[in-house]
Amino acid sequence: MAQFLLQVGWWIPCYGLLGAVVTLPWSTGIIRRTGPRPAAYINLLMTVLAFVHSTLIFPLTWHHQPLRLVFHWLKVADIDLTLSVDISSINVGALEVVTGLSFLAQLFALGYMERDWALGRFFALMGFFAGAMSGLAISNSLLLTYILLELLTLSTYLLVGFWYAQPLVVTAARDAFLTKRVGDILLLMGVVSLATMVGSLDYPDLYEWAKTANLPPLTATLLGLSLIAGPIGKCAQFPLHLWLDEAMEGPNPASILRNSVVVACGAYVLIDLQPIVNLSPVALAALVVIGTVTSIGASLVAIAQIDIKRALSHSTSAYLGLVFIAVGEQWTGFALMLLFTHAIAKALLFMSVGSIIQTTTNQDLTEMGGLWSRMPATTVSFVVGSAAMIGLLPLGSFWALQLGVDDLWGQPWLVGVLLVVNALTALNFTRLFRLVFLGSPQQKTRRTPEVAWQMAVPMVSLVIVNLLVPLMLQRLSLLPTWEYVNKPSAAVLFLSSVIGCTIGGTVYLHKAWSRSLHLPWRVVQDLLGYDFYIDRLYRVSIVFAVNQISRFSNWFDRYVVDGFVNLVGLASIFSGESLKYSVSGQSQGYMLTIVVGVGLLGLFLTRYLLWGF
């Protein structure tokens, strides 16, 4: 039985897709009599089956050779397009994270979306979402990876635009879709180039080719940059980072997955492509630069946000920037561990934030306060999630970040980047905790009961999981024994966390300070609060240029191309009308016209003989 489950491990992504298809009658409104709840229960059941399936086969893959399954999709002449999957311990572990967090997010959504009339459609989209992410986890083919990335882009667009009656939601969904499309198109160029050069898009074949490939520097650079463009868009890295902030307009349960595992899927693809990206030193350097700019910039921007969800979303971009640095420096172990610990902690943070929003119907930090005594489970969840995100011993992210500091110890400036990001994140979370949970209750937080069990159970479950993450890592032999730990790196990491928490906890923090118009130094506050005005810069540069080119193309098509065609048509009409009135009906007139025409033609052809030109 166990071997059979292992052989059909490729079916795990199909559970979510099957749930989305089965619930179409409810999500499209064909079945109304039962209400939308059956759609939610069916998708929850499919997600549980996927999680149980992946959990049962994980022991069979640990310390065993990966099981590779190949499906020939299209084979014509010299073209052989295959869709292959790899059932290995790392991939199945990623499946457990995706399906487990997806189940908890959907259970959380039962309470959060309880009164939403489109509950069935939401759960169908969540099943589609989970299926695409699960497929990316076990994909062993760049072709299959690209197809699933497109499905992920589509599902992101549909979930961000779920409440499509709101103008801001429509704008956010459009921007998220178009921003990701920029990276996807560039990635498609790299996929086509590799298919031409290698003849196969399966990762093992690509890795073998990369070992002996001798590409010109320009070709290697363009190939590497095109391959990292897709993950840059998926992971919300500079300059394709603005979409994640706008995507917070969507429902919070979708934001739980988007900020924990969706962005991690983009980084997971980048790790799969690393042996090919290594062919280009320029691409590796670009990863380090992009990761540095994004991690530092997003950490600073997060501190200035007054929307609680946006403050957390920018920290997501910052931590994924650290992953980009790790991949650029070829430290994939650090990247994978940070992705795991970040996903678990960030999912818990967004659940606690979702319960606050559900209870207070408010996301503005300046209108919150005093929630710790009214929402104890939410308070504990936020504290544990925040501690698990930063380098506080002994929780999970401490060990991931300590591994990063240890790996980068020989490059002090990169160690400094990691420590600064950790300190700024600690400062930001301490600021959020003080504004939301401490202080006197505000108008919207005076009567705020704890959330219902559908939302409380996933939060408490993730609290336990976050506390157990170090034991999980130790059980998997991923934690070093204390005598082998680099003591100086662990000390500076812990010190940076303490400094960030101390500054965030001791600096005088008045609620009016979060509103930049009340600040004497509001220029700096506005600069950070509006994300360094990057969106306005895009509006006056790229958007303006594309708009003008579109206007010129429209004018040229209307007045030049269409004008020439219309001119030919009008000329034909007028010539036909004029000939109609010149017809006499006498044959001698037709003969005279023919003779004159033939004569003029002969005279034209014999002009060289008569006049010499």
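Which residues have the most contacts inside the largest nonpolar core of this structure? Before I answer, please keep in mind that what we are looking at is a predicted model. The largest nonpolar core has 165 residues, and those with the most contacts inside it are Leu101, Phe122, Met133 and Leu194. The largest share of this core, 16 residues, is contributed by helix H16, which covers residues 332-360.

Let me take one of those residues and look at its surroundings. Leaving aside residues up to four places away in sequence, Met133 touches Val98, Leu152, Leu257, Val261, Val262 and Cys265.

I turn next to two of the helices, beginning with H17. Helix H17 runs over residues 376-389, and its 14 residues reach 20 Å from the first C-alpha to the last, close to the 20 Å expected at 1.5 Å a residue. This helix is mostly covered, with 10 of its 14 residues buried, and among the buried ones are Thr378, Thr379, Ser381, Phe382 and Met389. What do the buried residues of H17 pack against? They pack against helix H15 (308-328), H16, helix H18 (396-407), helix H19 (412-436) and helix H20 (453-475), and H16, as I said a moment ago, is the helix that supplies the largest share of the core.

H19, one of those partners, can be described in a similar way. Its 25 residues should span 36 Å at 1.5 Å a residue, and its end C-alpha atoms are 36 Å apart, which agrees. H19 is also mostly covered, since 19 of its 25 residues are buried.

Now to the charged side chains. How many salt bridges does a search of the whole structure find? The search finds 9, and I will go through three of them. In one, Glu150 pairs with Arg181, and the closest N and O atoms are 2.3 Å apart. This pair links distant parts of the chain, with Glu150 in helix H7 (residues 142-160) and Arg181 in helix H8 (residues 167-198), 31 residues apart. Glu150 counts as partly exposed because its relative accessibility is 22%, and Arg181, at 21%, counts as partly exposed as well.

In another salt bridge, the side chains of Asp175 and Arg174 meet at 3.2 Å, N to O. Is each of these two residues buried or partly exposed? Asp175 has a relative accessible area of 19%, so it is buried, whereas Arg174, at 44% relative accessibility, counts as partly exposed.

The remaining pair on my list is Lys211 with Glu208, where the closest N and O atoms are 3.3 Å apart. Because Lys211 and Glu208 are 3 residues apart in helix H9 (residues 203-212), they are separated by about one helical turn. Lys211 counts as exposed, at 63% relative accessibility, while Glu208, with a relative accessible area of 48%, is partly exposed. Elsewhere, salt bridges that share partners join Glu150, Arg181, Asp184 and Lys234 into one network, and this network includes the Glu150 and Arg181 pair that I described earlier.

I will end at the surface. A nonpolar patch of about 590 Å² is made there by Phe552, Trp555, Phe556, Tyr559, Val560 and Val561. Of these, Phe556 lies in helix H24, residues 542-582, and since its relative accessibility is 37%, Phe556 counts as partly exposed.

Methods: Residues numbered from 1 in each chain as written. Predicted model: local features only at pLDDT ≥ 70, side-chain atom pairs only at ≥ 80, totals over all residues. Heavy atoms only, no water. Core = buried A, V, L, I, M, F, W, Y, C linked by side-chain atoms within 4.5 Å. Buried < 20%, exposed > 50% of the residue type's maximum accessible area, 1.4 Å probe, protein only. Helix = DSSP H or I, 4+ residues; strand = E, 2+ residues; numbered from the N terminus. Contact = heavy atoms within 4.5 Å. Patch = residues over 30% accessible without salt bridge, like charges linked within 9 Å, V, L, I, M, F, W, Y side chains within 5 Å. Areas by Shrake-Rupley, 256 points an atom, 1.4 Å probe, with all protein chains shown as cover. Salt bridge = Lys/Arg side-chain N within 4 Å of Asp/Glu carboxyl O. Expected span 1.5 Å × (residues − 1).
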